[in-house]
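Let's walk through this structure together, starting where two protein chains meet and then moving on to the DNA. Please keep the 3D view open as you read.

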There are 2 protein chains.
Amino acid sequence: MNVQSLSDHSMAFPPTNQPPDTRSRILDAAARLFHEQGFNATGVSTILREAGVNPGSLYNLFPSKDALLAAVLERYTELLHPIVMEPVEKKTSDPIERVFALLQQYREWYSPLEFRLGCPIGNLALEVADSHPEIRPLIQQNFDGWSAYVRKWLDDAGDRLPRDLDRKQLAATVLTVMEGGLMQARSSRSAAAYDASVGQLRAYFDLLLARASAGRTQP
Amino acid sequence: MNVQSLSDHSMAFPPTNQPPDTRSRILDAAARLFHEQGFNATGVSTILREAGVNPGSLYNLFPSKDALLAAVLERYTELLHPIVMEPVEKKTSDPIERVFALLQQYREWYSPLEFRLGCPIGNLALEVADSHPEIRPLIQQNFDGWSAYVRKWLDDAGDRLPRDLDRKQLAATVLTVMEGGLMQARSSRSAAAYDASVGQLRAYFDLLLARASAGRTQP
DNA sequence: GCTCAATGATTGAACGTTCATTCAAGCACA
DNA sequence: TGTGCTTGAATGAACGTTCAATCATTGAGC
């Protein structure tokens with residue numbers, strides 16, 4: 001899989017072979033274009049063309065372009081598990097390796113494009129968080145979902161990590177590494193800064209694991 | 001100081017008391033508006049109004065809005081030392097504390113606004129890196145400048161840090177923490193994720209310092 | 001010290017395009 | 001016959017940009 005598709009994962013049950021409906025086509029095109037070009041740089045007319053839909057249909061389903069963006073972010077929240085987290089959890093059952101499998105997955109998604117695009121949530125976070133008060137909470141909701149998974153993994157690691165370690169703070173840091181590393185990778189069109197940051201996080205984990213291990217054998 | 005002003009730091013020598021010239025007024029207004037609203041969301045007409053300038057004057061100095069953005073980013077590069085790094089280096093001479101003074105300075109700049117705005121370079125990185133091929137290198141140039149300073153500090157720390165530590169990678173990670181932490185702070189309108197990430201980075205440094213110290217006394 | 005032509009910056013109305021959005025009319029299916 | 005989705009031309013506003021006219025400043029010639 002290259003970049004996530006929203007329409008390929010509609011929630012219809014039982015699954016149908018029918019062509020995706022208007023709403024899905026619009027959401028899919030909008031998500032892709034917002035990701036590729038940003039929100040402000042994407043015209044509604046482009047979304048209409050790519051979705052093969054007339055303006056009236058779009059505005060019948062979504063009252064405004066802003067509302068469409070909100071729907072895209074809602075969908076990102078819904079798809080966090082099936083698209084992002086399930087593949088990671090299937091790769092390994094080791095909770096700590098899951099953290100790095102997640103970071104590795106993002107690398108594999110974006111490095112083939114020389115780190116164009118970047119994280120769809122992160123991009124929107126910096127572009128519209130201030131100007132669209134009703135959108136910002138939806139971005140926060142996405143980040144909260146991501147860090148909740150990471151935090152659960154860190155909890156699952158139990159006493160392999162130091163007892164006094166704040167797992168919530170470490171989970172936030174994992175997201176930080178992902179987003180900050182991706183930003184630099186995008187600016188340089190190179191994986192170097194991303195890999196460097198993930199590597200330093202790995203070194204930090206190794207030191208934490210060693211410290212916890214020493215604490216267990218010699219308390 | 002709250003948020004950096006470009007025009008307050010023109011390079012004129014000897015310093016004059018004359019009102020800032022047209023070019024400076026335009027650059028100052030553009031930088032502020034790009035920071036506050038983003039590049040695409042800022043109309044040229046707004047820049048003209050805020051700078052108190054007519055379209056012809058702007059287009060006499062800058063061939064296009066894109067060229068104006070390029071000039072803003074060039075100016076950010078020029079001002080990196082006087083605005084960002086000099087205050088940090090004046091705060092402490094300890095090279096490792098300088099790293100955290102830098103992170104602290106960003107917190108102090110943006111937390112009074114509840115982390116609105118965010119990093120002016122980082123915002124532009126995610127908004128225009130893909131769509132403006134001539135701009136991306138200027139963003140990269142800014143990040144390179146930042147990480148060069150941090151890397152120099154890490155080098156200055158000498159054997160207080162482990163010999164086998166890759167200082168370039170750690171410098172990239174410091175930037176990662178800054179940008180990734182700020183992104184989450186902006187999304188949540190809270191310092192929590194930023195402070196968490198900086199705190200974890202501090203814990204990592206403490207472990208590195210302890211390891212290097214042990215390596216020195218017992219090689 | 002004065003005049004004047006030359007130069008470069010400034011003025012601001014106007015340009016064509018694209019923007020998000022509207023809505024009366026038409027359509028398919030109940 | 002009613003209901004809900006679709007059609008697509010049309011809307012006014014805002015977009016980045018242009019350019020002929022006007023202005024302020026300067027240096028050469030006397």
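Between chain A and chain B there are 16 residue pairs in polar contact, both residues of each being at pLDDT 80 or more. A polar contact here is a pair of N or O atoms within 3.5 Å; within protein, one atom must be able to donate a hydrogen and the other to accept it, and residues adjacent in sequence count only if both atoms are side-chain atoms. On the side of chain A that touches chain B, the elements giving two or more residues are α6 (120–128), α7 (136–156), α8 (167–188) and α9 (192–217) of chain A. The most comes from α8(A), with 15 residues. Helices (H or I, at least four residues) and strands (E, at least two) are DSSP runs, numbered from the N terminus. By class, this side of chain A has 19 nonpolar, 14 polar and ten charged residues. In this scheme Ala, Val, Leu, Ile, Met, Phe, Trp, Tyr, Cys and Pro count as nonpolar, Asp, Glu, Lys and Arg as charged, and the others, Gly among them, as polar.

Before going further, a word on conventions. This is a predicted model, in which local features need pLDDT of at least 70 and side-chain atom pairs count only at pLDDT 80 or more, while totals for chains, interfaces and linings use all residues. Residues are numbered from 1 along each chain as its sequence is written, chains are lettered from A and ligands numbered from 1 in the order in which they are written, and side-chain values use heavy atoms, with hydrogens and water left out.

Back at the interface, how many salt bridges are there between chain A and chain B? The count is four, where a salt bridge is a side-chain nitrogen of Lys or Arg within 4 Å of a carboxyl oxygen of Asp or Glu. One salt bridge joins Arg186(A) to Asp130(B), with 2.8 Å between the closest N and O atoms. The contact (heavy atoms within 4.5 Å) draws 43 residues from chain A and 43 residues from chain B. The size of an interface is often given as the accessible area lost when the parts come together. Here the two chains bury about 3,800 Å² between them, with 58% of it on carbon and sulfur atoms; buried area is the accessible area (1.4 Å probe) that two parts lose on being put together, summed over both. Within chain A, the residues that lose the most area to chain B are Leu126(A), Asp130(A) and Gln200(A), together 19% of what that side buries.

Now look at chain A by itself. Its secondary structure comes to nine helices and zero strands, and its C-alpha trace spans about 70 × 40 × 35 Å along its principal axes. Over all chains, 17 aromatic pairs are counted. Rings of Phe, Tyr and Trp (its six-membered ring) pair if their centres lie within 6.5 Å; planes under 30 degrees apart count as stacked, over 60 as edge-to-face and the rest as tilted. Phe100(A) and Phe205(A) make an edge-to-face pair, 5.2 Å centre to centre with 80 degrees between the planes. This pair links distant parts of the chain, 105 residues apart: Phe100(A) sits in helix α5 (residues 95–110) and Phe205(A) in helix α9, both of chain A.

Next comes the DNA. Of the 15 residues around DNA strand C, those that come nearest are Val44(A), Tyr59(A), Lys65(A), Thr22(B) and Asn54(B). Sugar and phosphate make up 65% of the strand C atoms that come within 4 Å of the protein; a residue is near a strand if one of its heavy atoms lies within 4 Å of it. A polar backbone atom of Val44(A) is 2.6 Å from a phosphate oxygen of strand C, and a polar side-chain atom of Ser45(A) lies 3.4 Å from a phosphate oxygen of strand C. In the surface near strand C, α3(B) gives the most, with four residues.

What about DNA strand D? Of the 15 residues around DNA strand D, Thr22(A), Asn54(A), Val44(B), Tyr59(B) and Lys65(B) come nearest. A polar side-chain atom of Lys65(B) lies 2.7 Å from a phosphate oxygen of strand D, whereas a backbone N or O atom of Gly56(A) lies 2.9 Å from a base oxygen of strand D. For this surface, the largest share, four residues, comes from α3(A).
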